[in-house]
Each structure stands twice: as C-alpha cells, then as structure tokens.
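Please open the model in a viewer and keep the sequence panel beside it. The tour below proceeds by selection, with a short account of what is found at each stop.

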Amino acid sequence: YLRLADRCLAAGGRFYPAKDAVLGAAEWERSFGAERLANFRRLKTAWDPGGLLTSDFAIRAGLADV
C-alpha cells in the first residue's frame with residue numbers, strides 16, 4: 001500500500017484523512033505540505049491547548065501530541 005501511496009504522491013495526489021488507515025506522518029506531510037501542516041498544528045495548539053481533542057489518525061499522522 002505504501003508503494004501505491006508513493007506513486008500517488010509523485011503524481012501530485014492527496015489522500016482523504018477520514019478513509020486512510022495506513023499512512024504515517026511523512027506521507028501526510030508530503031501530501032498536504034509542511035507549511036499547511038505547521039499552520040494546522042498552530043491552530044490546534046491555540047484552540048486545544050490541553051490536547052484533549054485527538055484521534056488515532058491524528059497521532060499516526062503526527063498531528064497530535066502523545
């Protein structure tokens with residue numbers, strides 16, 4: 001599956017977070033871009049400073065602190 005993800009990313013494709021089950025933080029950063037993810041992390045920290053709102057996906061994708 002990750003080889004297929006690499007092909008998708010090489011073609012400029014993206015992934016749908018609600019349906020993904022295997023991609024890690026590196027693939028999500030490649031898919032959405034480092035700057036967009038950094039902005040998301042800043043907003044998440046501002047709106048959820050205690051880190052109460054998270055999911056298994058967010059942890060796997062590197063979007064939440066554990």
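**The whole chain**

Begin with the cartoon view of this predicted model: read along the sequence, the chain runs α-α-α-α. It contains four helices and zero strands. Displayed as a C-alpha trace, the chain fills a box of roughly 35 × 20 × 15 Å along the principal axes. If the 66 residues are coloured by accessibility, 27% of them count as buried.

**Helix α2 and its buried side**

Select α2, residues 25-32. Which residues of α2 are buried? Glu27, Trp28, Ser31 and Phe32 are the ones to highlight. Looking down the helix axis, one sees that they cover an arc of only 110 degrees, which puts them on the same side of α2. Moving on to the residue just after α2, Gly33 takes a positive phi of about 95 degrees.

**The aromatic cluster**

Show next the side chains of Phe15, Trp28, Phe32 and Phe57, which form one aromatic cluster. The structure as a whole holds three aromatic pairs. Take Phe15 and Trp28 to start: their ring centres are 6.1 Å apart and their planes stand at 70 degrees, so this pair is edge-to-face. The cut-off behind that label is an angle of over 60 degrees between the planes. Because Phe15 lies in the loop between α1 and α2 while Trp28 belongs to helix α2, the pair ties together parts that are 13 residues apart in sequence. Phe15 and Trp28 are each buried.

Keep Trp28 selected and add Phe57. These two residues form an aromatic pair that is also edge-to-face, with 5.1 Å from centre to centre and 85 degrees between the planes. What does this pair link? It joins distant parts of the chain, with Trp28 in helix α2 and Phe57 in helix α4 (residues 56-60), 29 residues apart. Both Trp28 and Phe57 are buried.

**Helix α4 facing back to α2**

Stay in helix α4 and select Ala58. Is Ala58 buried or exposed? Its relative accessible area is 10%, and the cut-off for buried is under 20%, so Ala58 is buried. Now draw a distance from the C-alpha atom of Ala58 to that of Ala25: the two atoms are separated by 9.0 Å, although the residues are 33 apart along the chain.

**The loop between α1 and α2**

Go back along the chain to the loop between α1 (2-10) and α2 (25-32), and select Asp20 there. Asp20 has a relative accessibility of 10% and therefore counts as buried. With which side chain does the side chain of Asp20 make a polar contact? Its partner is the side chain of Arg60, at 2.8 Å. Arg60 is found within the residue range of helix α4, 56-60.

**The largest pocket**

Switch to a surface view and locate the largest pocket, which has a volume of about 200 Å³. Its lining consists of 13 residues, of which Lys44, Thr45, Leu63, Ala64 and Asp65 lie nearest the centre. Colouring the lining by residue class gives four nonpolar, five polar and four charged residues.

Two of the residues nearest the centre, Lys44 and Ala64, merit a separate selection. Lys44 is located in helix α3 (residues 34-47). With a relative accessibility of 18%, below the 20% limit, Lys44 counts as buried. The side chain of Lys44 makes a polar contact with the side chain of Asp48, at 2.6 Å.

Ala64, by contrast of location, lies in the segment after α4. Its relative accessible area is 15%, so Ala64 is buried. As a last step, draw the C-alpha distance from Ala64 to Thr54: the two residues are 6.3 Å apart in space and 10 residues apart in sequence.

Technical notes:
Residues are numbered from 1 along each chain as its sequence is written. This is a predicted model: local features need pLDDT of at least 70, side-chain atom pairs count only at pLDDT 80 or more; totals for chains, interfaces and linings use all residues. Side-chain values use heavy atoms; hydrogens and water are left out. On a 1 Å grid over the protein atoms alone, a cavity is a set of points where a 1.4 Å probe fits but cannot get out, and a pocket is an open set with protein on both sides within 12 Å along at least five of seven lines; lining residues have an atom within 4 Å of a point. Grid points are joined across faces, edges and corners, and a volume is the space filled by probe spheres set on the points. Ala, Val, Leu, Ile, Met, Phe, Trp, Tyr, Cys and Pro count as nonpolar, Asp, Glu, Lys and Arg as charged, and the others, Gly among them, as polar. Helices (H or I, at least four residues) and strands (E, at least two) are DSSP runs, numbered from the N terminus. Buried means under 20% relative accessible area, exposed over 50%, partly exposed in between (1.4 Å probe, protein chains only). A polar contact is a pair of N or O atoms within 3.5 Å; within protein, one must be able to donate a hydrogen and the other to accept it, and residues adjacent in sequence count only if both atoms are side-chain atoms. The arc is that of the directions from the helix axis to the C-beta atoms. Rings of Phe, Tyr and Trp (its six-membered ring) pair if their centres lie within 6.5 Å; planes under 30 degrees apart count as stacked, over 60 as edge-to-face and the rest as tilted.
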